[in-house]
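Here is a colleague's note on the structure shown below, set out as numbered points. Please read each point against the coordinates.

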Amino acid sequence: MITQRTAPRTTRGAAPRTALRAAAAAATLTAAVATTLLGLGTGAAQAAGWPPLHEGAYLYTGTGGTGAVTTVDLRDLGTCHALPRAVRSVQVADGSASVVLYTGAGCTGGHPWATGSLAQSDLPAAALSYRVVPA
């Protein structure tokens, strides 16, 4: 009896195709992340009327990032700061600190409002003081 033997199937051609698919997926993911980050930094902020997102923390006397600006020193953790004027909106872009805002002077008030380390928001009530805390 004659038995016909076939060569085992190889995947020599599959490795380059798999590598190309992985590279294409990585490029697509990188482009999506870059577009999202650009949108957070300028497009989304501009569309809502906010100033461009910059590293640091900023308090605004008006809503939507308008009015007089107070720059927050994010390295001064725990110290209570009085504001010269009531603030109505906040913008924070920092990986390690956030801001707690108080409706009363001397970091008092019924309901403190805390940002995250990435925030852009109008406040529920005007704030008269704030404290920087670890995120």
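1. Is Cys 80 buried, partly exposed or exposed? Cys 80 is partly exposed, since its relative accessible area is 30%, where buried stands for under 20% relative accessible area, exposed for over 50% and partly exposed for what lies in between (1.4 Å probe, protein chains only). Cys 107, by contrast, is buried, with a relative accessible area of 10%.

2. Some remarks on the basis of these values are needed early. This is a predicted model, in which local features need pLDDT of at least 70 and side-chain atom pairs count only at pLDDT 80 or more, while totals for chains, interfaces and linings use all residues. Residues are numbered from 1 along each chain as its sequence is written, and side-chain values use heavy atoms, with hydrogens and water left out.

3. On the overall architecture, the protein has 1 helix and 6 strands, arranged along the sequence as α-β-β-β-β-β-β; these elements are DSSP runs numbered from the N terminus, helices being H or I runs of at least four residues and strands E runs of at least two. Of its 135 residues, 28% count as buried. The exposed surface comes to about 8600 Å², with 60% supplied by carbon and sulfur atoms, the areas coming from the Shrake-Rupley method with a 1.4 Å probe and, for residues, with only the protein chains shown counting as cover. Among contacts (heavy atoms within 4.5 Å) between residues at least 6 apart in sequence, 66% join residues at least 24 apart.

4. The two cysteines of the opening point form a disulfide (a pair of cysteine sulfur atoms within 2.5 Å), and the structure holds 1 such bond. The S to S distance between Cys 80 and Cys 107 is 2.1 Å, and the torsion about the S-S bond is about 105 degrees, so the disulfide is right-handed. The bond links distant parts of the chain, with Cys 80 in strand S3 and Cys 107 in the loop between S4 and strand S5 (113-114), 27 residues apart.

5. The largest nonpolar core, meaning a set of buried Ala, Val, Leu, Ile, Met, Phe, Trp, Tyr and Cys residues joined through side-chain atoms within 4.5 Å, contains 16 residues, and those touching the most other members are Leu 59, Val 72, Leu 74, Val 87, Val 99, Leu 101 and Tyr 130. At least two residues of this core come from each of strands S1 (56-60), S3 (80-93), S4 (97-102) and S6 (118-134), and S6 gives the most, with 5 residues. Beyond its neighbours within four places in sequence, Val 87 is in contact with residues including Leu 59, Leu 101, Leu 123 and Ala 125.

6. Ser 89, found in strand S3, deserves a separate look. Ser 89 is buried, with a relative accessible area of 0%, and its side chain reaches the backbone oxygen of Gly 62 at 2.5 Å and the backbone nitrogen of Gly 65 at 3.1 Å. Not counting residues up to four places away in sequence, Ser 89 touches residues among them Trp 50, Tyr 58, Tyr 60, Thr 63 and Asp 122.

7. Finally, there is 1 aromatic pair, counted where ring centres of Phe, Tyr and Trp (its six-membered ring) lie within 6.5 Å, with planes under 30 degrees apart taken as stacked, over 60 as edge-to-face and the rest as tilted. The rings of Trp 50 and Tyr 60 have centres 6.2 Å apart and planes at 80 degrees, so the pair is edge-to-face. Trp 50 lies in the loop between helix H1 (14-47) and S1, and Tyr 60 in strand S1, 10 residues apart; both Trp 50 and Tyr 60 are buried.

Technical notes: A polar contact is a pair of N or O atoms within 3.5 Å; within protein, one must be able to donate a hydrogen and the other to accept it, and residues adjacent in sequence count only if both atoms are side-chain atoms.
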